[in-house]
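Please open the structure in your viewer and keep the selection tool at hand. The tour below proceeds from stop to stop, stating what to select and what is found there.

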Amino acid sequence: MAFPTTQVYIAFNDGPYVASPTWTEVTTYVRQINTQRGRQNELSDFESGNATVVLDNRSRIFDPFFTTGTYYGKLLPRRQIKIEATISSVTYPVFRGFVEGWPVSITDAGYDTTVTVQCFDALGLLADEEMPDDVSSAYVLSLAPRHYWPLDDPIDPLNISTAQLIDLGSSPQPLTAPVEVRTSNAPGLAPALPNTAVSLSETEYIEGWYFLSSVQSATDQTMLQWFQLGSGDQNYIFTRYGVGHEVEAAYDKANSRLEIYTYNGTSQRLYQATIFLDEFQPHHIAIKTLSAGTVSSVYVDGLLETFTLASTTAFTDPLVEVFAVTPGRHQQAAVWTTLISGVDVKVVFGLGRGVLTEGTVARFNRVIGYTPFPSALTSTPSTTYSATLAEISTGGPPVTDELQTISNSEGGNIFVSRNGTLTLTSRKAIFQGTSLTSQASFGGAGISIGTELAYRLDAKNLRNTLAVGYSGDGSVEVSDSASITAYGTAGGSWSTQLSSVADAETLGELLVGFSATPAVVIDPIQVNVSAADASWTTILGLELLNRITLNVVQQVGATITMSQILQSIEHTITPDRWITTINGSVRFTNPFIVGTSLIGGPDLIV
């Protein structure tokens with residue numbers, strides 16, 4: 001019998017987020033390997049792949065406490081590891097992941113010692129990463145503001161005069177509260193912002209916080225913040241800032257008029273727009289001005305508003321860099337000395353509300369961007385088809401939970417490939433490429449299989465009614481009445497971030513359509529028991545979600561031939577043996593293909 005040769009490498013000198021580390025081969029110390037990747041069935045989520053590598057440690061080379069060992073000081077948790085196999089002069093990746101630790105085991109009265117390294121893949125690594133508590137702040141900071149005052153610092157009501165509000169911008173300048181104004185904590189101004197905002201009383205119509213510095217050269221600038229008006233009848237200046245020119249905004253309640261004032265050292269300009277701002281609701285404003293002190297554009301609650309120049313008057317007053325807020329509630333104030341894009345303004349507004357309409361791929365890349373995980377080790381589907389998502393999770397949930405919700409919304413899958421790539425597929429991927437065309441045939445005249453095989457037909461994976469959730473706490477139920485009549489109700493739920501009820505219905509119809517009738521379930525099978533070289537070439541090239549063909553030959557009746565989608569693959573490797581076990585599913589193997597499928601046949605339109 002011929003088996004592939006195996007190579008094991010560890011990146012002793014690089015951390016877990018290095019996409020192309022320096023690998024050191026440790027194959028000569030390997031006694032046994034076991035790798036597992038995949039899931040139990042097509043209705044489960046893909047789990048983190050794992051591997052076990054038993055290393056000969058008689059020389060104590062892998063003992064993290066052996067001070068004269070070759071790798072002393074480098075035997076650290078989460079060092080990267082990869083396993084490869086070579087057959088017919090071609091090398092294939094088998095597993096790439098991360099070392100959990102270095103447990104030393106001593107046996108035979110001290111004459112033998114091993115280190116059994118447990119490993120996990122990228123999904124296991126990301127399981128300990130969390131989404132930002134405040135995704136809006138994370139996005140604001142990614143745009144490199146000159147100043148960013150979250151204005152969510154808790155304020156001690158007994159020490160208002162010494163309160164300082166942090167500035168996270170590139171030119172930090174904490175804001176200090178003047179004694180004259182009563183200041184307190186208030187609820188956050190948007191659903192996805194921290195639940196603390198600054199509230200200024202209406203006892204004085206003066207600046208709430210300020211700082212002064214030297215005059216700055218004139219630049220373009222953008223300023224934005226969340227605010228809620230106070231309850232009085234006077235005009236409210238709710239934000240003010242200047243670098244080389246000053247900008248302030250006021251609201252005339254009596255006339256429902258928003259006014260923008262600019263001053264460049266010689267002229268004061270007044271811009272006006274009729275806009276109703278409900279004093280009982282929070283609002284968001286972004287003002288973009290040019291270096292000359294003219295208004296470029298103004299966004300209110302994410303919408304571009306049209307402002308007209310009402311007047312220009314001569315005016316002389318010292319120019320200073322100043323920030324001020326007045327009576328009312330305030331949160332997330334930021335300033336740039338550039339014009340940030342309208343798209344960025346809308347993203348900040350949307351993220352504050354916990355809603356951002358974007359495609360699956362954009363959302364996946366956004367979430368990965370919150371982590372140090374290298375984008376070079378990710379794979380996403382073509383953007384020619386991508387579901388539209390709206391809600392985005394806040395409050396710091398695990399990244400893997402968010403990635404799974406994204407995958408559920410797409411109706412695709414997320415798993416780690418054998419070369420360590422975190423892979424997101426579209427809902428159509430299962431009906432294309434290697435999932436549509438069989439990559440290997442097992443049993444009968446195909447690759448040899450073990451002598452034991454079991455299959456059954458039951459309702460365990462039956463699903464004929466599904467409640468599909470979508471953004472805004474909505475839910476729609478999709479059912480197959482014929483299946484319910486025939487087999488009884490087999491229900492379930494499916495959480496998504498889809499943007500509309502129509503999208504949720506479409507996804508639900510697809511999922512129920514493929515799961516409304518019982519399907520044969522085949523237990524995992526051993527393959528290539530004859531250990532043919534050509535068969536190893538095929539097996540080592542297989543990836544999760546590949547289509548395979550299984551031929552079941554029995555003494556009575558004709559051979560049963562079934563298509564399956566590969567759900568899991570396991571390798572157990574010793575110096576004199578290589579056992580591979582695969583598990584497939586017949587679900588999603590019969591899409592309706594134009595020009596191939598027959599009208600009235602069993603294939604489903606997707």
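A residue is called buried when its relative accessible area is under 20%, exposed when it is over 50%, and partly exposed in between (1.4 Å probe, protein chains only). The model is predicted: local features need pLDDT of at least 70, side-chain atom pairs count only at pLDDT 80 or more, and totals for chains, interfaces and linings use all residues. Residues are numbered from 1 along each chain as its sequence is written, and side-chain values use heavy atoms, with hydrogens and water left out.

**Stop 1: two exposed loop residues**

Select Asp473, which counts as exposed at 77% relative accessibility. Asp473 lies in the loop between β32 (465-470) and β33 (474-479). Such names refer to DSSP runs, numbered from the N terminus: helices (H or I) have at least four residues and strands (E) at least two. Although Asp473 is not a glycine, its phi is positive, about 60°.

Next, select Ala109 in the loop between β7 (104-107) and β8 (112-120). Ala109 is exposed, with a relative accessible area of 79%. Its phi is positive as well, about 55°, although Ala109 is not a glycine.

**Stop 2: strand β17 and its partners**

Select residues 257-263, which form strand β17. Why is β17 described as largely enclosed by the rest of the structure? The reason is that 5 of its 7 residues are buried.

Now add strand β16 (residues 246-252), which pairs with β17 in the antiparallel sense over 7 bridges. Two strands are said to pair if DSSP finds at least two bridges between them. One bridge to locate is that of Asp252, whose partner in β17 is Arg257. The hairpin of β16 and β17 has 4 residues between the strands, and Ser256 there takes a positive phi near 50°.

On adding strand β18 (residues 267-274), you will find 7 bridges that join it to β17, the two strands running antiparallel. Tyr263 stands opposite Gln268 in β18. β17 and β18 form a hairpin with 3 residues between them, and Gly265 in the turn has a positive phi of about 105°.

**Stop 3: Thr239**

Select Thr239 in strand β15 (residues 236-242). Is Thr239 buried or exposed? Thr239 is buried, with a relative accessible area of 4%. Its contacts (heavy atoms within 4.5 Å) include Met223, Val247, Ile287 and Phe323, not counting residues up to four places away in sequence. Select Thr326 too: Thr239 and Thr326 are 87 residues apart in sequence and 7.6 Å apart in space, C-alpha to C-alpha.

**Stop 4: the open sheet and helix α4**

Display the open sheet of 3 strands, arranged in the order β26-β29-β28 with mixed pairing. β26 (378-379) and β28 (414-416) stand at the edges, each with a single partner strand, so one side of each is left without a neighbour in the sheet. β28 pairs with strand β29 (residues 422-424) in the antiparallel sense over 3 bridges. Helix α4 (residues 360-369) packs on this sheet and touches β26, β28 and β29; its direction makes about 155° with that of β29. Angles run from 0 to 180 degrees between N-to-C directions, and axes are lines fitted to C-alpha atoms, for helices over the stretch in contact.

Colour α4 by burial: 7 of its 10 residues are buried, so α4 is largely enclosed by the rest of the structure. Among the buried residues of α4 are Val361, Phe364 and Ile368.

**Stop 5: helices α4 and α5**

Keep α4 selected and add helix α5 (residues 399-410): the two pack at an angle of about 175°, with their axes 10 Å apart. That makes α4 roughly antiparallel to α5, a description applied to angles over 145 degrees. Thr360, Arg363, Phe364, Val367 and Ile368 in α4 meet Val399, Glu402, Leu403, Ile406 and Glu410 in α5.

**Stop 6: the nonpolar cores**

A nonpolar core is a set of buried Ala, Val, Leu, Ile, Met, Phe, Trp, Tyr and Cys residues joined through side-chain atoms within 4.5 Å. The largest one has 56 residues; Phe12, Leu55, Phe62, Ile83, Trp102, Phe442 and Ile582 touch the most other members. Strand β38 (residues 560-574) gives the most to this core, with 5 residues. A second, separate core of 48 residues includes Leu126, Val348, Leu377 and Leu498.

Finally, centre the view on Trp102, whose contacts include Ile10, Phe12, Leu55, Phe62 and Val115, not counting residues up to four places away in sequence.

Methods
Parallel < 35°, antiparallel > 145°, perpendicular 65-115°, else oblique.
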